[in-house]
Amino acid sequence: MQAVIHGGRSVARIWLGATMIALLCAGAAGADEAARAGARADMVLVPAGEFVMGSNKAEHEGVAGEFGNTKPWYMDEHPEHRVRLPAYYIDRHEVTNAEYRAFFAAVDIPPPDHWLDRGYILSLKDDKLRAVEVDKLRQLAVKTFKLDIDTRQMTKEQLLDAIHEKIAVQDREPVIYVSWADADAYCRWAGKRLPTEAEWEKAARGADGQEFPWGPDWKEGMSNTGEAEWEDGVAPVGSYETDRSPYGVYDMAGNVSEWVADWYRAYPGSHYQSEAFGEKFRVVRGAGRGGEGHYALHLFQRGAYRFNQPPDSRFNDLGFRCAADAPQPH
């Protein structure tokens, strides 16, 4: 994960940010019930029952530190145990920019940093975008939307078409640079909640506790974890049909890591002690698209892998998905 850099913003970025904010000065739209209903529609039912949580794996070669990992491998996954959960729903995909945009338009919160850096915030005010002079539109296309095209001879309509095409791709990318509170607030706004750690792991591993969402063995290219180059780093959700869990949930081994509801604590029966345990860090599950250094190790793509972050963390490969209670039998 790469931390947000708040200092040292370039003059160009500040100018472009000011331009975009000016375009948005008319304010955001009100709450959109249709958007919330849409966010609740694409969920998967995970049936009630037991599943295998955690692992008893051990790292015998003592090389975790060589890869820059700050905690011993596997130890916070101990012991492997069975957990019974009632039926619940979980989002089929990670929450996208388009879904989060509806939330942003309905409440008074700052936009994720990459919306300014990548121009996505202008998707809220297409009429303002269409009013931009062609010279400024060329600058937006190249410097903000990062379009690798020669804009010098392009007409205004051609430039708008290229920008709209780029926004359509961004619509389907997972939202990133969101804190735990941002993620929790979105899920509540959508009539849902963050999944518990157990719900996330069952959705990823199935009832039998398989190692990866697709099966027992790691295979290159099955998920977005850095092997392929995506223009924005993240891939549109569901791009990897192979990164699909036994319940039909996508991108649980790659693309972005995900906030879950729980504080970072030891599992029941664990003998492992950590200063990080307690109500200091929230659990993050699933591998991101990092693909660099120790983040490229396959152990991070395993369904049992646990990580933790301060709740106010915002990273370029950290997003979330939501869950919801399912009707229970009487």
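Is W189 buried or exposed? The residue is buried, with a relative accessible area of 11%, and the points below place this residue in its surroundings.

1. This is a predicted model, and the chain averages a pLDDT of 87, with 84% of the residues scoring at least 70. The pLDDT stays under 50 over residues 2-22 and again over residues 24-31, stretches for which the model has 25 and 14 contacts beyond four places in sequence, respectively. Where pLDDT is low, the predicted coordinates should not be read in detail.

2. The largest nonpolar core has 46 residues, and those with the most contacts inside it are Y100, L137, I163, Y186 and F320. Two or more residues of this core come from each of α3 (97-106), α4 (113-117), α6 (134-144), α7 (156-171), α8 (180-189) and β8 (318-320). Apart from this core lies another, of 22 residues, among them F51, V260, Y264 and F277.

3. Leaving aside residues up to four places away in sequence, L137 touches L129, V132, K156, L159, L160 and I163.

4. Of the 16 aromatic pairs that the structure holds, one joins F103 and W189, whose ring centres are 5.5 Å apart with the planes at 55°, so the pair is tilted. Because F103 lies in helix α3 and W189 in helix α8, the pair ties together parts that are 86 residues apart in sequence. F103 is buried as well, with a relative accessible area of 4%. Ring pairs link both residues with Y100, F104, W115, Y120, Y186 and F320 into a cluster.

5. Two arginines lie over aromatic faces: R282 over W180, at 3.7 Å from the ring centre, and R306 over Y267, at 4.1 Å from the ring centre.

Note on methods: Residues numbered from 1 in each chain as written. Predicted model: local features only at pLDDT ≥ 70, side-chain atom pairs only at ≥ 80, totals over all residues. Heavy atoms only, no water. pLDDT = per-residue confidence, 0-100. Contact = heavy atoms within 4.5 Å. Core = buried A, V, L, I, M, F, W, Y, C linked by side-chain atoms within 4.5 Å. Buried < 20%, exposed > 50% of the residue type's maximum accessible area, 1.4 Å probe, protein only. Helix = DSSP H or I, 4+ residues; strand = E, 2+ residues; numbered from the N terminus. Phe/Tyr/Trp six-rings, centres within 6.5 Å; stacked < 30°, edge-to-face > 60°. Lys NZ or Arg CZ within 6 Å of the ring centre and 35° of its normal.
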